[in-house]
Amino acid sequence: MIDFDGKGFFARLKKVKDDEFEAVLDVHFKKQRENFKVAKATKEALIKEAKALADTKEFGKANTRMNDMMGEWKASGSAGSKDVDDQLWEEFNKARKTFFERRAKDWENRKAGFEAAKAIKEALKLATKRDIVILAGKGHEPYQEINGEKLPFDERIIVKELLEN
């Protein structure tokens, strides 16, 4: 006989199923909270590392690491809410932008040094054995100041290397 009064077998079965469902949900949301916590910790560690790399002068290694970190950021998942994710992203991306802007500025500065070295090479190439080549730069200083930054550049070393080759 089927019990429809809510106190019999089917009522007890429904109660068991509801309890099992609640238990599954509890496990699911507990795991989700743990994943959010791990993702947030991962992103905070990446932010800390990105901020440290933002000030480096080792652009080659740092560039590779910054690219790897972007992959790690994407793989880490959500930190829980859009607001938290957005705030963490702003911090991370600010450090990345600082690094890439500094790297671009460094490249422009180095490019200016390359151009100076190229001009010296061209002058020496055009000169005959009887010509005197005058370098009107700061030949007594082992650096070249570009955009307020002192970069290694010594005309004497460049000339010596060019004449030896």
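**Salt bridges, helix packing and a shared nonpolar core**

Arg-156 counts as partly exposed, at 47% relative accessibility. The value comes from a predicted model, as do all those that follow. The side chain of Arg-156 forms a salt bridge with that of Asp-154, at 2.9 Å from N to O. Asp-154, by contrast, counts as buried, because its relative accessibility is 13% and the cut-off for burial is under 20%.

The fold provides the setting for this pair. The protein chain contains four helices and two strands. Along the sequence these elements follow the pattern α-α-α-β-β-α. Of the 165 residues in the protein chain, 23% are buried. Among contacts with a separation of 6 or more, 61% join residues 24 or more positions apart.

Helix H3 covers residues 82-126. With 45 residues at 1.5 Å a residue, H3 should span 66 Å. The C-alpha atoms at its ends are 64 Å apart, which agrees with that expectation. Several residues of H3 are buried, among them Leu-88, Asn-93, Ala-95 and Arg-96. Others on the buried list include Asp-106, Asn-109, Gly-113 and Ile-120. Lys-118 also belongs to helix H3. Its relative accessible area is 55%, so Lys-118 is exposed. Lys-118 and Ile-158 are 40 residues apart in sequence, yet their C-alpha atoms are 9.7 Å apart in space.

Salt bridges were examined next. Side chains of opposite charge can pair when their charged atoms come close. The structure holds eight salt bridges. In one of them, the side chains of Asp-85 and Lys-43 meet at 3.5 Å, N to O. Asp-85 lies in helix H3 and Lys-43 in helix H1 (residues 9-53), so this pair ties together parts that are 42 residues apart in sequence. Asp-85 is buried, with a relative accessible area of 17%. Lys-43 is buried as well, at 5% relative accessibility.

Another salt bridge joins the side chains of Glu-91 and Lys-51, at 3.2 Å from N to O. Glu-91 lies in helix H3 and Lys-51 in helix H1, so the pair links parts that are 40 residues apart in sequence. Glu-91 counts as partly exposed, at 27% relative accessibility. Lys-51 is also partly exposed, at 43%. In addition, a network of salt bridges links Glu-49, Arg-65 and Glu-72.

Helix H2 (59-76) follows H1, and the loop between the two holds Thr-56. Thr-56 is buried, with a relative accessible area of 17%. A polar atom of its side chain lies 3.1 Å from the backbone nitrogen of Glu-58. Leaving out residues up to four places away in sequence, Thr-56 touches Ala-62, Phe-99 and Arg-102.

The 18 residues of H2 should span 26 Å at 1.5 Å a residue. The end C-alpha atoms of H2 are 25 Å apart, which agrees. Buried residues of H2 are Phe-59, Ala-62, Asn-63, Met-66, Met-69, Met-70, Trp-73 and Ser-76. Viewed down the axis of H2, these buried residues fall within an arc of 140 degrees, so they line one face of the helix. Gly-60, Lys-61 and Ala-75 are exposed on the other side of H2. Just after H2, Gly-77 adopts a positive phi of about 85 degrees.

Nonpolar packing brings these elements together. In soluble globular proteins, nonpolar side chains tend to be buried together. The largest nonpolar core here has 16 residues. Within this core, Ala-50, Met-69, Trp-73, Phe-92 and Phe-99 touch the most other members. H1, H2 and H3 each supply at least two residues of the core. H2 gives the most, with six residues.

Phe-99 can be followed from this core to its surroundings. Phe-99 is one of the buried residues of H3. Apart from neighbours within four places in sequence, Phe-99 is in contact with Leu-53, Ala-54, Thr-56, Phe-59, Ala-62, Asn-63 and Met-66. Of these partners, Thr-56 sits in the loop between H1 and H2. Phe-59, Ala-62, Asn-63 and Met-66 are among the buried residues of H2.

How values were computed. Residues are numbered from 1 along each chain as its sequence is written. This is a predicted model: local features need pLDDT of at least 70, side-chain atom pairs count only at pLDDT 80 or more; totals for chains, interfaces and linings use all residues. Side-chain values use heavy atoms; hydrogens and water are left out. The expected span of a helix is 1.5 Å times one less than its number of residues. Buried means under 20% relative accessible area, exposed over 50%, partly exposed in between (1.4 Å probe, protein chains only). A salt bridge is a side-chain nitrogen of Lys or Arg within 4 Å of a carboxyl oxygen of Asp or Glu. A polar contact is a pair of N or O atoms within 3.5 Å; within protein, one must be able to donate a hydrogen and the other to accept it, and residues adjacent in sequence count only if both atoms are side-chain atoms. Contact means heavy atoms within 4.5 Å. A nonpolar core is a set of buried Ala, Val, Leu, Ile, Met, Phe, Trp, Tyr and Cys residues joined through side-chain atoms within 4.5 Å. The arc is that of the directions from the helix axis to the C-beta atoms.
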